Amino acid sequence: MSQGVARVRGVVDTPALRAAMEVFGQVHGVDAVLVDSARRLTDFKLVAMDMDSTLITIECIDEIADYCGLKAEVSAITEAAMRGEIKDFNESLTRRVALLKGLDASALEKVYETRLQLSPGAQTMLRGVQALGIRTLLVSGGFTFFTERLKTRLNLDVTRANTLEIVDGKLTGRVLGEIVNAEVKARTVAEVAAQFGATPAQAIVMGDGSNDLQMMAIAGLSVAFRAKPVVREKASVAFNYAGLDGVLSLFAKD
């Protein structure tokens, strides 16, 4: 037992055990997960993260929309997309961004400065993995305005996201270039892993929504963080209560 973590060795993974763990976690407000006792955090070479509602607590596009009085409408589309009810992420993003047409671009800076907060444990997690030489990737269906600032702030190695078109200081309601959807996220994880001499099996991928499932599926370890049910069901482990720094406690150090 250390740092609020209890480790039980020698358990056998069965459906009954998983069901009991889920009930135990809900009753006591803790995360109970199964991991391979032979693995170590140092077996991994890349940590890849979604941004909105994973590395940070907000959905940036929803907060931007608040500045033009459309937060409820945009949030409803965002939620449906993250739950997997809207299958075409490109269409979902295009619809939401179109609603922002004409908004002063200064709203982006206001969202970053006044509303964007890191998720619990984010900085501790990043410092921990970076100290071990593990590289970091922020790959998001959100926007480069935010990912580039977080890259500098958190010393991230690589970021990829969507670029909002801005003309004469106003949002045009369009996205420039290829939309970063589920397929692009997975491809980016594979490409960045290769860039650092690793395979996707040597990557830890963290996400919360359905558009994270493809990149989580190719990872050696997938972490559902405060995630939608469809994501929790597919992930290697789910953090419903722990912060992102819970990743540092998954594996024994000895």
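**Exercise 1. Cysteines**

Find how many disulfides this predicted model holds, and work out why Cys 68 is in none.

*Solution.*
- Start with the search: over the whole structure, it turns up 0 disulfides.
- Next, look at Cys 60. The cysteine sulfur nearest to its own belongs to Cys 68, 14 Å away, and Cys 60 takes part in no disulfide.
- Now recall the cut-off: two cysteine sulfur atoms must lie within 2.5 Å. For Cys 68, the closest cysteine sulfur is the one in Cys 60, and at 14 Å that is too far for a bond.
- Finally, check the surroundings of each. Cys 60 is buried, because its relative accessibility is 0%, while Cys 68 is partly exposed at 29%.

**Exercise 2. The nonpolar cores**

Find which residues have the most contacts inside the largest nonpolar core, and explore the surroundings of one of them.

*Solution.*
- The largest nonpolar core is made of 52 residues, and Leu 55 and Phe 146 have the most contacts inside it.
- A second core, of 23 residues, lies apart from that one; Phe 196, Ala 203, Val 205 and Ala 235 are among its members.
- Take Phe 146 and set aside its neighbours within four places in sequence: it touches Met 51, Cys 60, Ile 64, Leu 108, Val 111, Tyr 112 and Leu 116. Cys 60 from the previous exercise is on that list.

**Exercise 3. Helix α6**

Which residues of helix α6 are buried, and why do they line one face of the helix?

*Solution.*
- Helix α6 spans residues 106–114, and its buried residues are Ala 107, Leu 108, Val 111 and Tyr 112.
- Looking down the axis of α6, you find these buried residues within an arc of 140°, so they line one face.
- A general rule helps here: an α-helix has 3.6 residues a turn, so residues three or four places apart point the same way.
- On the face turned away from the buried side, α6 carries the exposed residues Glu 113 and Thr 114.
- To see what covers the buried residues, look for α3, α8 (144–154), β3 and β4, which are included in the cover.

**Exercise 4. Helix α5**

Find the buried residues of helix α5, then see what covers them and what caps the helix.

*Solution.*
- Within α5 (residues 89–98), the buried residues are Phe 89, Ser 92, Leu 93, Arg 96 and Val 97.
- Down the axis of α5, the buried residues fit within an arc of 120°, so here too they line one face of the helix.
- Their cover includes the helices α3 (60–66) and α4 (71–82), along with the strands β2 (135–143), β3 (158–167) and β4 (170–176).
- At the N-terminal end, Asp 88 acts as the cap: one of its side-chain oxygens is 3.1 Å from the backbone nitrogen of Asn 90.
- Phe 89 also appears among the contacts of Asn 211, together with Met 82, Ala 182 and Lys 185, once neighbours within four places in sequence are left aside.
- Asn 211 itself sits in the loop between β5 (203–207) and α10 (213–217), and it counts as buried because its relative accessibility is 7%.

**Exercise 5. Aromatic pairs**

How many aromatic pairs are there, and which parts of the chain does the pair of Phe 44 and Phe 251 link?

*Solution.*
- The count gives 2 aromatic pairs.
- Phe 44 and Phe 251 make a tilted pair, 5.9 Å centre to centre with 35° between the planes.
- This pair links distant parts of the chain, 207 residues apart: Phe 44 lies in the loop between α1 (15–28) and β1 (46–49), and Phe 251 in the segment after β7 (237–239). Both residues are buried.
- Phe 145 and Phe 146 make an edge-to-face pair, with 5.1 Å between centres and 75° between planes. These two are both buried as well.

Methods:
Residues are numbered from 1 along each chain as its sequence is written. This is a predicted model: local features need pLDDT of at least 70, side-chain atom pairs count only at pLDDT 80 or more; totals for chains, interfaces and linings use all residues. Side-chain values use heavy atoms; hydrogens and water are left out. Buried means under 20% relative accessible area, exposed over 50%, partly exposed in between (1.4 Å probe, protein chains only). A nonpolar core is a set of buried Ala, Val, Leu, Ile, Met, Phe, Trp, Tyr and Cys residues joined through side-chain atoms within 4.5 Å. Contact means heavy atoms within 4.5 Å. Helices (H or I, at least four residues) and strands (E, at least two) are DSSP runs, numbered from the N terminus. The arc is that of the directions from the helix axis to the C-beta atoms. A polar contact is a pair of N or O atoms within 3.5 Å; within protein, one must be able to donate a hydrogen and the other to accept it, and residues adjacent in sequence count only if both atoms are side-chain atoms. Rings of Phe, Tyr and Trp (its six-membered ring) pair if their centres lie within 6.5 Å; planes under 30 degrees apart count as stacked, over 60 as edge-to-face and the rest as tilted.
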